[in-house]
Amino acid sequence: MKKIAVFCSGFGSNLQAIINAVKRGGVKADIAFVLTDKVDAPALVRARKAGIPFMYVDPDDFKDRLAYDKYVAGQLKKRNIDFVVLAGFLRIISPYFVRKFKNKIINVHPALLPSFKGVHGIRDAINYGVKVTGVTVHFVEEELDAGPVILQKAVNVRDDDTQDSLAQRIHKVEHMLYPLAVKLLVENRITVKGRKVRIK
Ligand code: GRF
């Protein structure tokens, strides 16, 4: 069975959705490792409850991003991790790490990329006044939020939406789409050619 590592900085609802999908048997993956850069990330509690090995790696203990990522890569190697799933991980990944795990790192973004890149995808969509936004699952490349798109799903924006109400609907879609992407990944059903992703 393929081993995945999930990287989280916060709440971990996407981690939870993946844990649940694995428990239900829909996703045949071994969540072998959870890593965080925030000591108080609620995601760690979810990992602990699910019996998944987890680790807090403090960025302040490293001289730069490369040193941090080299350490993390070592941890992944030790555990024979096949894929890295970013789930609300707020650190930018170094080019070193991206190259080492080429097309093996995925991320979920709360907007329809390439619109509304960055950490405020939901707020930015509301402020822009778009009528449709959504969720994107993509491979991670050196440029932020710019890797090949694996899955996307649209979410309509309502006239009376607040950031919170829209976020709720977006997260619901994420919790369906992200485990599906993990399933496709661990079943080797995703191929990438340039920017084009095909799903078998
Ligand atoms: C999600 O909205 C995801 O799209 C973004 O970060 C958020 C993480 O939420 N990348 P959670 O920690 O999984 O609840």
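**Close-up views of a predicted model: cavity, pocket, ligand and two backbone sites**

The largest cavity has a volume of about 30 Å³. This is a predicted model, in which local features need pLDDT of at least 70 and side-chain atom pairs count only at pLDDT 80 or more, while totals for chains, interfaces and linings use all residues. Residues are numbered from 1 along each chain as its sequence is written, and side-chain values use heavy atoms, without hydrogens and water.

**View 1. The largest cavity and its lining.** One cavity of 30 Å³ or more turns up in a search of the whole structure. A cavity is a set of points, on a 1 Å grid over the protein atoms alone, where a 1.4 Å probe fits but cannot get out; lining residues have an atom within 4 Å of a point. Grid points are joined across faces, edges and corners, and a volume is the space filled by probe spheres set on the points. The lining consists of F7, Y68, D69, V72, F89, R91, I92 and I93. Helix α3 (residues 65–78) supplies the largest share, three residues. Helices (H or I, at least four residues) and strands (E, at least two) are DSSP runs, numbered from the N terminus. By class, the lining has six nonpolar, no polar and two charged residues. Here Ala, Val, Leu, Ile, Met, Phe, Trp, Tyr, Cys and Pro count as nonpolar, Asp, Glu, Lys and Arg as charged, and the others, Gly among them, as polar.

**View 2. The largest pocket.** A pocket is an open set of grid points with protein on both sides within 12 Å along at least five of seven lines. The largest pocket holds about 890 Å³ of space. It is lined by 38 residues, of which G88, F89, L90, V108 and P110 are the closest to its centre. Two or more lining residues come from each of α1, β5, α5 (121–128), β6 (132–139) and α6. The most, four residues, come from α6. The lining divides into 17 nonpolar, 14 polar and seven charged residues.

**View 3. The ligand and its shell.** The ligand takes up the space of the largest pocket; a molecule sits in a pocket if more than half of its atoms lie within 2 Å of its grid points. Elements giving two or more residues to the shell are α1 (13–24), β5 (105–109) and α6 (163–186). The shell (a heavy atom within 4 Å) is made up of F11, G12, S13, N14, G88, V108, H109, P110, H171 and E174. Three of these residues are nonpolar, six polar and one charged.

**View 4. Polar contacts to ligand oxygen atoms.** A polar contact is a pair of N or O atoms within 3.5 Å. A backbone N or O atom of N14 lies 2.8 Å from a ligand oxygen. For H171, a polar side-chain atom lies 3.1 Å from a ligand oxygen. For E174, a side-chain N or O atom is 2.4 Å from a ligand oxygen. The ligand alone exposes 370 Å², and the protein buries 82% of that (Shrake-Rupley method, 1.4 Å probe).

**View 5. Two backbone sites around β5.** The peptide bond from L113 to P114 is cis, with omega near 15 degrees. P114 lies in the loop between β5 and α5. N103 is not a glycine, yet has a positive phi of about 60 degrees. N103 sits in the loop between α4 (95–100) and β5.

Methods: A polar contact is a pair of N or O atoms within 3.5 Å; within protein, one must be able to donate a hydrogen and the other to accept it, and residues adjacent in sequence count only if both atoms are side-chain atoms.
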